[in-house]
Amino acid sequence: MTLEGKTVLVTGANRGIGKALAEEALAREAKHVYVGTRQPLNQPDPRVTTLILDVTDPAQVQSAANQVEALDVLINNAGIMLPDAPLDPAVLERHLAVNVYGSHAMTQAFLPALTRSRGAVINLLSCSALAPLPMLTSYSASKAAAFSLTKTLRAAHAGHGVRFHAVLAGPVDTDMTRELHIPKISPEAAARAIFDAVEKGEEDIFPDPATAPLTQAWAAGADKILERQFAQLVPAAAART
């Protein structure tokens, strides 16, 4: 899939990697880009429409779905990252509400449009979905859950032509990672790498120098082998329902 002539929706697009993804989609000649933000956002480009959108608010999610007549690419970028070591149940619930339930609500709301266009969902996850960061317990758990859900939906909707991409990024230089004093990729470079990988058809995307070395090992690893094996059960299960 290329973005030229496509309609794209990016959640959490007011800053950081969400903003960079929206700008990169425009640079790649997307026909229209919807940017979901919790506050009004001034966008002079006529190809851009701002949606007031809190992904944890069912009414706002449905309103966004009603406003978007057609969609080719949904980018679930909105997320939170709060430290909680040891595990704080209240903080875990906040992470799940945004990073898992909010993302899933958006996907379900837009699946009819994406099925019609045989489009794609790009879920912005984290390499902590693969191995948890001890100081970010709830964040890591929420991203692991979101990754599992991505793989489930990938298998369930492959027959409908909808592709699900998981972005397993390392540190990106955004407000969210300001307190992490480690090497980081710029949001702009990450956005370019993500769309390059989508255009190549890569399901699981490692878009930065910290995670790129995992690409080949992941593709041949036990997790990916099992995912492919379990995905083969979907048609048989569907035939029995």
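**View 1. Residues around the largest cavity.** N99, V100, S103, H104, T107, N123, L125, A146, L149, T150 and L153 form the lining of the largest cavity. Please keep in mind as you look around that this is a predicted model. The volume enclosed here comes to about 70 Å³. Sorted by class, the residues of this lining are five nonpolar and six polar, with no charged residues.

**View 2. Helices that contribute to the largest cavity.** Two helices, α3 (89–117) and α4 (137–157), each bring at least two residues to the lining of the largest cavity. Which element gives the most to this lining? That is α3, with five residues. To find your way from the helix side, look for V100 and H104, which are among the lining residues.

**View 3. The second largest cavity.** The structure holds two cavities of 30 Å³ or more, and the second largest has a volume of about 50 Å³. Its lining is made up of N76, A78, V98, N99, S103, N123, L124, L125 and K143. The elements that give two or more residues to this lining are α3 and β5 (120–124). Here too, α3 gives the most, this time with three residues. What is the make-up of the lining by class? There are four nonpolar, four polar and one charged residues.

**View 4. Residues that line both cavities.** If you go back and forth between the two cavities, you will meet some familiar names. N99, S103, N123 and L125 appear in the lining of the largest cavity and also in that of the second largest cavity.

**View 5. The seven-stranded sheet.** The strands of this open sheet follow the order β3-β2-β1-β4-β5-β6-β7, and their pairing is parallel. Why do β3 (48–52) and β7 (204–205) each have one side without a neighbour in the sheet? Both stand at the edges with a single partner strand, so nothing in the sheet flanks their other side. As a reminder for reading this view, strands of a sheet pair through backbone hydrogen bonds.

**View 6. Pairing of β4 with β5, and the helix on the sheet.** Strand β4 (residues 73–76) runs parallel to β5, and the two pair over four bridges. For a handy landmark, find L74, whose bridge partner in β5 is V121. Helix α4 packs on the sheet, where α4 touches β5, β6 (163–167) and β7. The direction of α4 makes about 160° with that of β6. This helix is one you have already met, as α4 also supplies at least two residues of the lining of the largest cavity.

Key: Residues numbered from 1 in each chain as written. Predicted model: local features only at pLDDT ≥ 70, side-chain atom pairs only at ≥ 80, totals over all residues. Heavy atoms only, no water. 1 Å grid on protein atoms, 1.4 Å probe; cavity = no way out; pocket = protein on both sides within 12 Å on 5 of 7 lines; lining within 4 Å. Points joined across faces, edges and corners; volume = space filled by probe spheres on them. Nonpolar A, V, L, I, M, F, W, Y, C, P; charged D, E, K, R; others polar. Pairing = 2+ DSSP bridges. Contact = heavy atoms within 4.5 Å. Axes fitted to C-alpha atoms, helices over the stretch in contact; angles between N-to-C directions.
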